[in-house]
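Dear colleague,

I am passing on the structure we spoke about, together with some notes on what came out of going through it. Please look at it first and then read on.

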Amino acid sequence: PRQDTIALKHGAHRMGNRTDADMVRWRSLRFGQFIHWGLYAIPAGEWNGKTYNGAAEWIRSWKEMPHKAYDQLYRQFNPVNFNPQQWAAQAKAMGAKYMIITTKHHDGFCLWPSKYSKYTIAASPWKKDLLGPMIDAYNKAGIDVHLYFSIIDWNHPDYRASLKNAADSAAGKRFQVFVKNQLAELLQRYPTIKGFWFDGTWDDSWKNDGAFSDELEQYLQALHPGLVMGSRLRADEKGARHFDSNGRLMGDYEQGWERKLPATIADVHGNDWEAVMTVPENQWGYHAKWMGHVKTVNEILEMLVKSVSLNGNFVLNFGPKADGTYRAEEQQLAAGIGEWMKVNGAAVYDGTYAGFEKQDWGYYIRKSGTDSVYMVVFNMPVSGSLRVKLPARTELTGVSMMQGNVALAPEWIGRNEYFIHLPNKQQESPMVILLKTVKGE
Ligand code: FHN
């Protein structure tokens, strides 16, 4: 093992990935749904007749939107069409195995009736808890739930981006107690949750107190053993985030892949990781007018498959409307992804890096710990012949198409290389071919 050069008290505490059952489960799920839902769904990217192109959930920070006006929106939040069973059924049909919900975004509004804040769902016309019914419905559908929690809190009087004097430091200490209380409250109220998804940890006040985030991580683990928490929570004592000052990952998985994916397996350094993706370019909360490119089913599937082929999880974001329903584009996308997953999902769940030489037609995914390797074809060659190059001392013992379970006869073309000639070169969605291999002498 590599020697650390810098002595750290609050750096990484573990070498390599977690191997316990909770983490093995998280890793096997591979496909998640992200939900950004909160007061920002009311203005939906528009204020006073003007459309704001930035992320809808950031509208409070738009100079033309007065904070006072935003902070009154809770008086209108009344999702009368919220149907948690329908939400969970849509996610399940899409093939998602876990879900991450914004309990509190940067605006500070809580979707649960927190006893530590007045700025919660309890004060809205809806009055009742939103998180509890949502978590129950998802769990009943067999979907794990993780809780998104923003450290940045635009509503809390004690939140400071930086601590400039003694009064700020005192406020900062009170704020830390508040954060700890809210997180313990969430664990106590919703004991089935599998992890926290922290965000808004980039301000100096947070980065410069590595001891606190370290202690917080350990505190939460002790309250709820097995909890999965990514690398956004902590900073080391030198202010390094995600990776400590020795380059070691802090937290259970690398959480820096936002709206981007690693290019090759070398980019993930053997760590667990997760990517989170928006449907348009950069909208998380509901925006009434999506501008620019909107990702298609096949584009999303390629990102999912690529992530799994590089040992990662992929999480697709949804931004429900203020009334509790989903926009048509998101419903159609979820249904389209689900159609493909129904036939081909076996290639995704419990998938890992295959260790085969990458080919231009697409991605290999190995079913964890087995000799089954899936080829997921996104770029069909004009020839219709897919080249497969096996690692040394590996033999191909079976080739079949997932759709219809049709056996195919590979052509040996020399050394460890084969062609798989496809009967039908047309494809409207990614084709999956299952290879059975054995290790020879
Ligand atoms: O500022 C937020 C943003 O609104 C959104 O929640 C994303 C999700 O990963 N996180 C932050 C930006 O990194």
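In this predicted model, a network of salt bridges links Arg-14, Arg-18, Asp-20 and Asp-252. Within that group, Asp-252 pairs with Arg-14, and the closest N and O atoms of the two are 3.4 Å apart. Because Asp-252 sits in the loop between β7 (228-229) and β8 (254-258), while Arg-14 belongs to the segment before α1 (21-29), this pair ties together parts that are 238 residues apart in sequence. The two partners also differ in how far they are covered: Asp-252 has a relative accessibility of 5% and counts as buried, whereas Arg-14, at 30%, counts as partly exposed.

A second salt bridge joins the side chains of Arg-25 and Asp-144, with a distance of 2.7 Å from N to O. Here Arg-25 is part of helix α1 and Asp-144 is part of strand β5 (residues 144-150), so the contact ties together parts that are 119 residues apart in sequence. Asp-144 is buried, its relative accessible area being 6%, and Arg-25 counts as partly exposed at 39% relative accessibility.

Arg-327 and Glu-329 form a further salt bridge, in which the closest N and O atoms are 3.4 Å apart. In this pair Arg-327 is the buried partner, with a relative accessible area of 4%, while Glu-329, at 37% relative accessibility, counts as partly exposed. These pairs are examples from a longer list, since the search of the whole structure, which applies a limit of 4 Å between nitrogen and oxygen, finds 26 salt bridges.

The other item to hand over is the largest pocket, which has a volume of about 390 Å³. Its lining is made up of 19 residues, and those nearest the centre of the pocket are Trp-340, Asn-344, Gln-403, Ser-429 and Pro-430. By class, the lining of this pocket has 9 nonpolar, 8 polar and 2 charged residues.

Which elements each supply at least two residues of that lining? They are α8 (297-309), α9 (328-344) and β19 (431-439), and the largest share, 5 residues, comes from α9. As for where the largest pocket lies, both domain 1 (21-350) and domain 2 (354-439) give residues to its lining, and it therefore lies between them.

With best wishes

Terms used:
Residues are numbered from 1 along each chain as its sequence is written. This is a predicted model: local features need pLDDT of at least 70, side-chain atom pairs count only at pLDDT 80 or more; totals for chains, interfaces and linings use all residues. Side-chain values use heavy atoms; hydrogens and water are left out. Helices (H or I, at least four residues) and strands (E, at least two) are DSSP runs, numbered from the N terminus. Buried means under 20% relative accessible area, exposed over 50%, partly exposed in between (1.4 Å probe, protein chains only). On a 1 Å grid over the protein atoms alone, a cavity is a set of points where a 1.4 Å probe fits but cannot get out, and a pocket is an open set with protein on both sides within 12 Å along at least five of seven lines; lining residues have an atom within 4 Å of a point. Grid points are joined across faces, edges and corners, and a volume is the space filled by probe spheres set on the points. Ala, Val, Leu, Ile, Met, Phe, Trp, Tyr, Cys and Pro count as nonpolar, Asp, Glu, Lys and Arg as charged, and the others, Gly among them, as polar. Domain bounds come from an automatic or database domain assignment.
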